[in-house]
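Q: Could you take me through the ligand site in this one? I'd like a close look at what surrounds the ligand and what touches it.

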Amino acid sequence: MTAIARKNMTPAFDVVKVRADFPILARQVHGKPLVFLDSAASAQKPRAVLDTMTRTFETEYANVHRGAYYLSEKATTNYEAAREKVRAFINAKSAAEIVFTKGATEAINLVASSYGRLVLKPGDEIVLTALEHHSNIVPWQLIRDLTGAVIKVVPINADGSVSLDAFAKVIGPRTKIVAVAHVSNVLGTVLPIEEIAELTHKAGAKLLVDGCQGIVHEPIDVQALGCDFYAFSGHKLYGPNAIGVLWARNELLDAMPPYQGGGEMISTVSFEKSTWADLPAKFEAGTPPIVPAIGLGAAIDYLSGLDRVAAVAHEQDLLAYAMAELPKVPGVKLIGTAQHKAAVQSFIMDGAHPHDLATVLDRSGVCVRAGHHCAQPLMDVLGVNATARASFAIYNTRADVDALLAALHKARQVLL
Ligand code: C6P
């Protein structure tokens, strides 16, 4: 083993082996080794996922739940096996509680539209936080405007944390729904979901967790978290895009009206009246994302084969290293310094627009995201138009952080 390989290894987590599982990491961009620090936007895919999807298309593809022939039965078995893998991965009680969607955005829209329509009356309150992604704001605005409900916002602290006191002040007798990110995609803040669930339930309301970033960075047990809805996207979890998951308690899904109508979600149809299929089909209208779901199952198999506790420790090491070293680059300021953080770090550089910064970093092979990260209200609170953001995944190394730091020094010379 080379010295570089040894430097990149923590005892329980073999990042060199993990990197070898992700073919794209071997490529260069602009003649430089790829340093991919934008996994919060979409993670790269291990070969196991790519191979599973190719094999499915090449040898086991047909529509699901319809055909009385071998291939359709095989595809159906694989699709439903993926649902069971998701169930086990998040410790849901039953596979009927796992609804496949095309992403977290659709999952949240489903809840806002269906559950929101069921429970919200004029004057009822929907509680969000100031750090939410647009996907956990706009669906609630749409249902607010239809029902006459009101949106209330829990403020954040200067370091990007959200205190329980602030929740306690905003959640009240009119609160029907609390909807919060598990992990902020901009600040990396991890929200105290179990405690928020307690406050929510004390008020007789339900808690939706936008788990897009949360599920990536720590093992999830939806029953232990105590929330009522948990939404996430496959593409951030090393799976394909066009697949997401809504988990909800069975009794809630049972009570909720369908979100979309069409094939698959019905039991009977006549021009007078239609009746609905059992869960989870009631919420899966039309031909579902068959191969993406199977690909997500492969991503879950892949992650389950790793020591996830060691993986979290590895990512936390990268975060701590980046948080210590980034401010040493002249003019660089960290945005998001809460105590409990996942491996996502926003920053700005004095005198350089984050977009220009990201463009210059790219010339060094370093991919970071720049912009408002679909969190414009948060940008307003922070008093910035945009940030640059480095997000770390299981395949990143301290050498990647070093490459970012070197590229930032170079960028200063180009931009300032
Ligand atoms: N964030 C980023 O931060 P979709 O597009 O449905 O897969 O995920 C939407 C979404 C919802 N909630 C959170 C907390 C998110 O981070 C995201 C996606 C990406 O780069 C794209 S804006």
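A: Sure. Keep in mind that this is a predicted model. Let's begin with the polar contacts. A polar side-chain atom of histidine 235 lies 2.7 Å from one of the ligand's oxygen atoms. Lysine 236 also takes part through its side chain, with a polar atom 3.0 Å from a nitrogen atom of the ligand. Alanine 104 makes its contact through the backbone instead: an N or O atom there is 3.4 Å from a ligand oxygen. As for how covered the ligand is, on its own it has 520 Å² of accessible area, and the protein covers 87% of that.

Now zoom out to the whole shell. There are 16 residues around the ligand, and the ones that come nearest are Thr105, Asp210, Gln213, Ser233 and Arg369. Sorted by class, the shell has seven polar residues, five nonpolar ones and four charged ones.

Where does all this sit in the protein? The ligand is in the largest pocket. Both domains help build the shell: domain 1 (3–33 + 307–415) and domain 2 (51–304) each supply at least three residues.

While you have the model open, two backbone spots are worth a glance. Leucine 279 and proline 280 are joined by a cis peptide bond, with omega about 0°, and proline 280 belongs to the loop between strand S12 (274–276) and helix H12 (290–304). Then there's asparagine 91, which isn't a glycine yet has a positive phi of about 55°; look for asparagine 91 in the loop between helix H4 (70–90) and strand S4 (98–101).

How values were computed
Residues are numbered from 1 along each chain as its sequence is written. This is a predicted model: local features need pLDDT of at least 70, side-chain atom pairs count only at pLDDT 80 or more; totals for chains, interfaces and linings use all residues. Side-chain values use heavy atoms; hydrogens and water are left out. A residue is near a molecule or strand if one of its heavy atoms lies within 4 Å of it. A polar contact is a pair of N or O atoms within 3.5 Å; within protein, one must be able to donate a hydrogen and the other to accept it, and residues adjacent in sequence count only if both atoms are side-chain atoms. Accessible areas come from the Shrake-Rupley method with a 1.4 Å probe; for residues, only the protein chains shown count as cover. On a 1 Å grid over the protein atoms alone, a cavity is a set of points where a 1.4 Å probe fits but cannot get out, and a pocket is an open set with protein on both sides within 12 Å along at least five of seven lines; lining residues have an atom within 4 Å of a point. A molecule sits in a cavity or pocket if more than half of its atoms lie within 2 Å of its grid points. Ala, Val, Leu, Ile, Met, Phe, Trp, Tyr, Cys and Pro count as nonpolar, Asp, Glu, Lys and Arg as charged, and the others, Gly among them, as polar. Domain bounds come from an automatic or database domain assignment. Helices (H or I, at least four residues) and strands (E, at least two) are DSSP runs, numbered from the N terminus.
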